[in-house]
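Open the model in your viewer and keep the selection box handy. We will go from stop to stop, picking a few residues each time and looking at what is there.

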Amino acid sequence: MKTKITELLKIKYPIIQGGMAWVATARLAAAVSNAGGLGIIGAGNAPAEWVLAEVRKVKNLTDKPFGVNVMLLSPHVDEVMEVIIEERVPVITTGAGNPGKYIKKLKENNVKIIPVVASVALAKRLEKTGVDAVIAEGHESGGHIGELTTMALVPQVVDNVSIPVVAAGGIADGRGLVAALALGAQAVQIGTRFLCAEETEIHPAVKEAVIKAGDRDTVITGASTGHPVRVIKNKLARRFLELEQKGAPPEELEKLGAGSLRRCMQEGDIEEGSLMAGQIAGLIKEIKPVKEIIEEIMHEAREIMKRIVREFDE
């Protein structure tokens, strides 16, 4: 399947793996790239030394294109950008800020830049800075979210920018891929589905929690701070919401959330950790190798498109 994104990134399939902090390591990224998508290392708040080690691991595991997700609020962002340039990382995705100050140097070193956006205004502003594409991420996503749903956001972004758009949020199978393409997207970014990939190096308890989750098992915490986060309901989420309802100050909420993502994903504390996952978690029922996940998505997408064409022709 060829799209503007597959051609831009030199990948086989229009599938980008989400750059999830404490989840998206070299092993997962390499598996996605080897399977025909674009694997992403999630830098999160990690120091540059960790990012460097993961980048070099990926290079030992695949000769295909890969990327790094850079959280622009990280205290290590400048050093991480230097690693990306020095190691000739082909692609970066960005979140939590504007990558504008880094674009000139990244472009000079042939790095493709694809920021995550949650509004048309931000997409238009970033297009003017020279980014190569944008990821329009809907409210259904896990982790940090915006206000608009994927169905509403993606076509509006598509209509307002001339660069390729990647759809994200609530996408986990071939149906989601076809829907995104119908909305005008040139690829999809998938995060939650890859939580339950065999190659994902998170605690088994997290994978089981995602598999057990139903359609209404995620909640949004942190809305009162201006930084809403979607997670699967647990003790931490309930306590967080209770404090928000009581008008707790942002400092108290930040203290409660500090270190909670690592505690969940790496240590397996699925009650007192931040169990970030999207609404699509209710669709995920088993753990599979990355290659099988991607091949299933592509096979289902092809069959759906054939059926739609056939039914329209009738």
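Select Arg56, Lys59 and Glu87 and show their side chains: a network of salt bridges links these three residues. Keep in mind throughout the tour that this is a predicted model. Side chains of opposite charge can pair when their charged atoms come close. The structure as a whole holds 17 salt bridges, and we will visit a few of them a little later.

**The parallel sheet**

Now switch to a cartoon view and colour the strands. You are looking for an open sheet of 8 strands with parallel pairing, in the order S1-S9-S8-S6-S5-S4-S3-S2. Which strands stand at the edges? They are S1 (15–17) and S2 (39–42); each has a single partner strand, so one side of each is left without a neighbour in the sheet. If you look along the sheet, the twist from one strand to the next averages 25°.

Next, select residues 26–34, which make up helix H2. This helix lies across S1, S2 and S3, and runs at about 165° to S2.

Then step through the strands of the sheet:

- Select 66–71 and 91–95: these are S3 and S4, parallel strands joined by 5 bridges. Glycine 67 is found opposite valine 91 in S4.
- Add 112–117, strand S5, which runs parallel to S4 and is joined to S4 by 4 bridges. Here isoleucine 92 faces isoleucine 113 in S5. Follow the chain from S4 through H5 to S5, and you trace a right-handed β-α-β crossover.
- Move on to S6, which pairs with S5 in the parallel sense over 2 bridges. Valine 116 has isoleucine 135 in S6 as its bridge partner. The path from S5 through H6 to S6 is again a β-α-β crossover, and this crossover is right-handed.

**Salt bridges around H5**

Stay in this region and select lysine 104 and glutamate 108. Their side chains meet in a salt bridge, at 2.6 Å from N to O. The two residues are 4 apart in helix H5 (residues 100–108), so about one helical turn separates them. Lysine 104 is exposed, with a relative accessible area of 60%.

Now pick lysine 107 and aspartate 132. These two form a salt bridge as well, with the closest N and O atoms 2.9 Å apart. Lysine 107 belongs to helix H5, while aspartate 132 sits in the loop between helix H6 (120–129) and strand S6 (134–137), so the pair ties together parts that are 25 residues apart in sequence. Is each partner buried or exposed? Aspartate 132 counts as buried at 14% relative accessibility, whereas lysine 107 is partly exposed, with a relative accessible area of 32%.

**A link between distant helices**

Select arginine 175 and glutamate 300. Their side chains meet in a salt bridge of 3.7 Å, N to O. This pair links distant parts of the chain: arginine 175 is in helix H8 (residues 174–182) and glutamate 300 in helix H14 (residues 290–313), 125 residues apart. Both ends are partly exposed: glutamate 300 has a relative accessible area of 27%, and arginine 175 stands at 48% relative accessibility.

**The antiparallel sheet**

Return to the cartoon and find the open sheet of 3 strands, which has antiparallel pairing and the order S7-S11-S10. Strands S7 (143–144) and S10 (218–221) are at the edges, each with a single partner strand, so one side of each is left without a neighbour in the sheet. Select S10 together with S11 (residues 229–232): the two pair in the antiparallel sense over 4 bridges. Isoleucine 220 is opposite arginine 230 in S11. Add residues 235–245 and you have helix H11, which packs on the sheet and touches S10 and S11; its direction makes about 40° with that of S10.

**Two backbone stops**

Most residues other than glycine have a negative phi, and most peptide bonds are trans. With that in mind, which phi values do you find at the last two stops?

- Select tryptophan 22, in the loop between S1 and H2. Its phi is positive, near 65°, and tryptophan 22 is partly exposed, with a relative accessible area of 42%.
- Finish at arginine 88, in the loop between helix H4 (77–86) and S4. Phi of arginine 88 is also positive, near 55°, and this residue is exposed, with a relative accessible area of 63%.

Notes
Residues are numbered from 1 along each chain as its sequence is written. This is a predicted model: local features need pLDDT of at least 70, side-chain atom pairs count only at pLDDT 80 or more; totals for chains, interfaces and linings use all residues. Side-chain values use heavy atoms; hydrogens and water are left out. Two strands pair if DSSP finds at least two bridges between them. Contact means heavy atoms within 4.5 Å. Axes are lines fitted to C-alpha atoms, for helices over the stretch in contact, and angles run from 0 to 180 degrees between N-to-C directions. A salt bridge is a side-chain nitrogen of Lys or Arg within 4 Å of a carboxyl oxygen of Asp or Glu. Buried means under 20% relative accessible area, exposed over 50%, partly exposed in between (1.4 Å probe, protein chains only). A crossover is right-handed if, with the strands pointing away from the viewer, the path from the first strand over the helix to the second runs clockwise.
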